[in-house]
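Subject: Structure for you to look at

Hello,

Here is the structure I promised to pass on. Please open it first, then read my notes below with it on screen.

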Amino acid sequence: MTALLSVRGVKTFYGSIMALKGVDLEVNAGEIVTLIGANGAGKSTLMMTICGDPRAREGTIVFDGRDITRLPTHEIVRARIAQAPEGRRIFPRMTVFENLQMGAQVAGSDHFEESTRHVFTLFPVLEKRQAQRGGTLSGGEQQMLSIARALMSRPRLLLLDEPSLGLGPMVVRQIFAAIRDLNAREGLTIFLVEQNANHALRLAHRGYVMVNGRITLQGAGRELLARPEVRAAYLEGAVRA
């Protein structure tokens, strides 16, 4: 398979503190790849580093054969990488429809109606709520809106940072079903950062485990799910979906 995203030897700092300590990973075209790890492991830092904020101090990030390590964030987005960030970060005073319009700015107006129909098919509740302000939506609806807004840019690579965070089991199943559908039906490449290791590794083609800013394990999703050290660290007491 062809690597759509390649991260090599990436080190990222917050001041003098090294948050990423030489990270290597790949996301191949058409894959779902997940990154699991405890709070503070550096997962979200890697996601943000891919998007250029913070900037990698060492190493390279290559997307579709192009070195994007030093590009500003807006150019990385124009390269068709979209992110649904941790905490959703929708525009709370804007309506659902206006949030989607913001997401479509990169792609332009030519495909707006088609993209809107697409996200409403994926998340029908958003069509019903399109005139409602984002801040008045439930947590699950806000997460759906965050993903939908990212999809409006018609990305080749979708970055999802903790999409299940703070959501009930039923909504989590809906979100993960949508992620599976985007990949299986449309071939969208997805890089997923997720604390819910059970969900993430069942969904992903491949996975990586991060501990203290380093990749410590990698392999097929189901293979990692079966490893005793992964089960002990991330799955004990977990509720099955």
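The accessible surface of the chain comes to about 11,200 Å². Carbon and sulfur atoms account for 49% of that surface. Please keep in mind that this is a predicted model.

**The whole chain**

The chain has 10 helices and 10 strands. Its radius of gyration is 17 Å, and the globule rule gives 18 Å for 241 residues, so the chain is as compact as a globular protein of that length. The C-alpha atoms fill a box of roughly 45 × 40 × 35 Å along the principal axes.

How much of the chain is buried? Buried residues make up 50% of the 241.

Look at the contacts too. Take those with a sequence separation of 6 or more. Of these, 67% join residues that are 24 or more positions apart.

Now the charges. The chain has 30 positive and 23 negative ones. Their mean positions are 3 Å apart.

**T69**

Find the loop between β5 (66–67) and α2 (73–78); T69 is there. Is T69 buried or exposed? Its relative accessible area is 4%, and buried means under 20%, so T69 is buried.

The side chain of T69 has two polar contacts to look for. One reaches the backbone nitrogen of I61, at 2.8 Å. The other joins it to the side chain of D67, at 2.5 Å.

Which residues does T69 touch, leaving out those up to four places away in sequence? They are R55, A56, G59, T60 and I61. So I61 turns up here as a touching residue, as well as in the 2.8 Å polar contact.

**F176**

Next, go to helix α7, residues 169–186, where F176 is found. F176 has a relative accessibility of 2%, so with the cut-off for buried at under 20% it counts as buried.

Again leave out residues up to four places away in sequence. F176 then touches S164, L192, E194, H199, A200 and L203.

Try one distance yourself. How far is F176 from R78, C-alpha to C-alpha? The two are 26 Å apart in space and 98 residues apart in sequence.

**Backbone points to check**

Most residues other than glycine have a negative phi, and most peptide bonds are trans. Three places here deserve a look against that background.

- The peptide bond from D53 to P54 is cis, with omega near 10 degrees. P54 is found in the loop between α1 (43–50) and β4 (58–63).
- D64 is not a glycine, yet its phi is positive, at about 55 degrees. D64 lies in the loop between β4 and β5.
- E162 also has a positive phi, near 55 degrees, and is a residue other than glycine. E162 lies in the loop between β7 (157–161) and α7.

Are D64 and E162 buried or exposed? D64 has 46% relative accessibility, and partly exposed runs from 20% to 50%, so D64 counts as partly exposed. E162 has a relative accessible area of 4%, under the 20% cut-off, so E162 is buried.

**Where to start**

I would begin with T69 and its side-chain contact to D67. Then move to F176 in helix α7. Finish with the cis bond from D53 to P54.

Best wishes

Definitions and conventions. Residues are numbered from 1 along each chain as its sequence is written. This is a predicted model: local features need pLDDT of at least 70, side-chain atom pairs count only at pLDDT 80 or more; totals for chains, interfaces and linings use all residues. Side-chain values use heavy atoms; hydrogens and water are left out. Helices (H or I, at least four residues) and strands (E, at least two) are DSSP runs, numbered from the N terminus. The radius of gyration is taken over C-alpha atoms; the globule rule is 2.2 Å times the number of residues to the power 0.38. Buried means under 20% relative accessible area, exposed over 50%, partly exposed in between (1.4 Å probe, protein chains only). Contact means heavy atoms within 4.5 Å. Accessible areas come from the Shrake-Rupley method with a 1.4 Å probe; for residues, only the protein chains shown count as cover. Lys and Arg count as positive and Asp and Glu as negative; His and the chain ends are not counted. The place of a charge is taken as NZ of Lys, CZ of Arg, CG of Asp or CD of Glu. A polar contact is a pair of N or O atoms within 3.5 Å; within protein, one must be able to donate a hydrogen and the other to accept it, and residues adjacent in sequence count only if both atoms are side-chain atoms.
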